[in-house]
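Here is a guided look at one protein model and its ligand, written for someone who likes to check distances and angles. Please have your viewer open as you read.

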Amino acid sequence: MAEEANPFESLQEQIDDAAAYLDVDADVIERLKHPERVLETNLTVELDDGSLGRFRAFRSQFNGDRGPYKGGIRYHPGVSRDEVKALSGWMAYKTAIVGIPYGGGKGGIVVDPKEHSEDELERLTRAFATELRPLIGEDRDIPAPDVNTGQREMNWIKDTYETLENTTAPGVITGKAIESGGSAGRVEATGRSTMLTAREAFDYLGRDVSDATVAVQGYGNAGWIAANLLEEQDATVVAVSDSSGAIYAEAGLDTQAVRDHKDETGSVVDFEGAEEEFSGEELLTLDVDLLVPAALENAIDEELAREVEADVIVEAANGPLTPDADEVLTERDVHVFPDILANAGGVTVSYFEWVQNRQRFYWDEERVNEELESVIVNAFEELVEAYESHDVPNFRTAAYVVAIGRVAQAFEESGVFP
Ligand code: NAD
């Protein structure tokens, strides 16, 4: 995986690309390229052996013009200030393109959770939640899960916040377990929006996703659900990968069986039903109809982009293509359907979770999935309309044209304080 592209610079380039097609003041565009504030903190946590661990952590609040900041918290050794800033910006434009009333935020801790016990992770999470307390709140900033965090961490954050505030506030965080105020359908939501985007994309291109062969990079929450739901649409998932390697079967993999194998062994490799195994990088250049990057950012750089054989890319991960790769793929007529739409299911169902928390009234999974489908299909139609009416080079620029237009309008309507 290429590491050299700075994700924050990638975000700023994407904004500049779209700004050229928008009638928005240059000063306003400049404002929309930077976070409003970033918390950087050093968390001190007692480790199980009695020693003290120190962990850098960040929370970036990118833009609050359309509503409370919203975005996940990531635990990964590669977390950096610029990565968190970029991810918070992508959140601001993601919430705008799907039209939900939030701004963008993102957080992360520089940690490899595999190296820590559950007790250590709980102390670390509660230490971070304590630092975040003045910044977050149901109407202020609402974190959620991201890479290597899930319901467990969200519940710890909720409990810490509620204990310190002496209140109940389930809407302070989303992605909780159902019993703690989570929403039906939240766990599957990101992969579901990826599948829906792929389905709509193939339809728009005059093709049928059920005839497509698919490769999925990354078999975590987003990737495995996307693979599973694409298989449900009768697409043939021929290859999947994780950080240990890739597996391939020409007739298609049984995505549930691969998931069970990963749960048992920790990886997709050595799966019985696979015909071949190769490196994760090779998966990205397979001759398939649809490629779904669902791991981390910068998975495809300029060089790899020249070798991509897929006709369509639907981005489940945030920022999986470098800007140079984007340019190459546009030149090569590979249709890329961008992250800020394709993985927006997570934040959309987070929004539904928050709505249910505020109303103390809960929906069944069928309603959640129906509401999600209507949000994603509407957003897809608006994206296509922008693509066709603005003469933009690709769907990503079209998505930013829609999203930046909405954030800029909210800012301009509110004016500057003081
Ligand atoms: P996860 O931790 O559940 O899964 C990540 C997967 O990627 C793991 O299977 C890991 O082994 C794999 N991976 C890591 N490096 C790899 C490599 N070099 N090659 C192949 N596979 C590799 O994380 P997730 O929640 O599925 O998130 C994945 C991406 O989706 C991230 O970019 C995240 O920001 C984005 N995303 C997730 C959600 C969500 O709700 N989970 C929402 C929006 C966006």
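The report below moves from the ligand to a helix beside it, then to single residues and some backbone angles. Keep in mind that this is a predicted model.

**Around the ligand**

The shell around the ligand holds 23 residues, and the closest are R74, T190, N221, A222 and N318. Three polar distances between protein and ligand are collected here.

| Residue and its polar atom | Ligand atom | Distance |
|---|---|---|
| R186, side chain | oxygen | 3.4 Å |
| N221, backbone | oxygen | 2.9 Å |
| D242, backbone | nitrogen | 3.5 Å |

On its own, the ligand has 830 Å² of accessible area, and the protein covers 84% of that. Which elements give two or more residues to the shell? They are α6, α7 (221–232) and β7 (236–242).

**Helix α6**

Helix α6 runs over residues 186–204. A quick check of its length works out nicely: with 19 residues and 1.5 Å a residue, the helix should span 27 Å, and its end C-alpha atoms are indeed 27 Å apart. There is a bend along the way, of about 25° at R192. Is this helix mostly covered or mostly open? Mostly covered, since 14 of its 19 residues are buried, that is, under 20% relative accessible area. After α6 comes G206, whose phi is positive, near 75°.

**R207, beyond the helix**

R207 sits in the loop between α6 and β6 (213–217). Its relative accessible area is 34%, so R207 counts as partly exposed. Leaving aside residues up to four places away in sequence, R207 touches F202, D289 and D311. With D311 there is also a polar contact between the two side chains, at 3.2 Å. If you would like a distance to try in your viewer, take R207 and K158: these residues are 49 apart along the chain, and their C-alpha atoms are separated by 44 Å.

**E153, a buried acid**

E153 belongs to helix α5 (residues 151–165). Why does E153 count as buried? Because its relative accessibility is 4%, and the cut-off for buried is under 20%. The side chain of E153 makes a polar contact of 2.8 Å with the side chain of R152. Beyond residues up to four places away in sequence, E153 touches Y75, T125 and N148.

**Backbone angles worth a look**

Most residues other than glycine have a negative phi, and most peptide bonds are trans. With that in mind, three places in this model are good stops.

D270 has a positive phi, near 70°. This residue is in the loop between α8 (255–265) and β9 (276–278). D270 is exposed, because its relative accessible area is 58%.

N298 also has a positive phi, near 60°. Its loop lies between β10 (290–293) and α10 (302–307). Is N298 buried or exposed? N298 is buried, because its relative accessible area is 6%.

The last stop is a peptide bond: from F417 to P418 the bond is cis, with omega near 0°. P418 is placed in the segment after α15 (395–414).

Terms used:
Residues are numbered from 1 along each chain as its sequence is written. This is a predicted model: local features need pLDDT of at least 70, side-chain atom pairs count only at pLDDT 80 or more; totals for chains, interfaces and linings use all residues. Side-chain values use heavy atoms; hydrogens and water are left out. Helices (H or I, at least four residues) and strands (E, at least two) are DSSP runs, numbered from the N terminus. Buried means under 20% relative accessible area, exposed over 50%, partly exposed in between (1.4 Å probe, protein chains only). A polar contact is a pair of N or O atoms within 3.5 Å; within protein, one must be able to donate a hydrogen and the other to accept it, and residues adjacent in sequence count only if both atoms are side-chain atoms. Contact means heavy atoms within 4.5 Å. The expected span of a helix is 1.5 Å times one less than its number of residues. The bend at a residue is the angle between axes fitted to the seven residues ending there and the seven starting there. A residue is near a molecule or strand if one of its heavy atoms lies within 4 Å of it. Accessible areas come from the Shrake-Rupley method with a 1.4 Å probe; for residues, only the protein chains shown count as cover.
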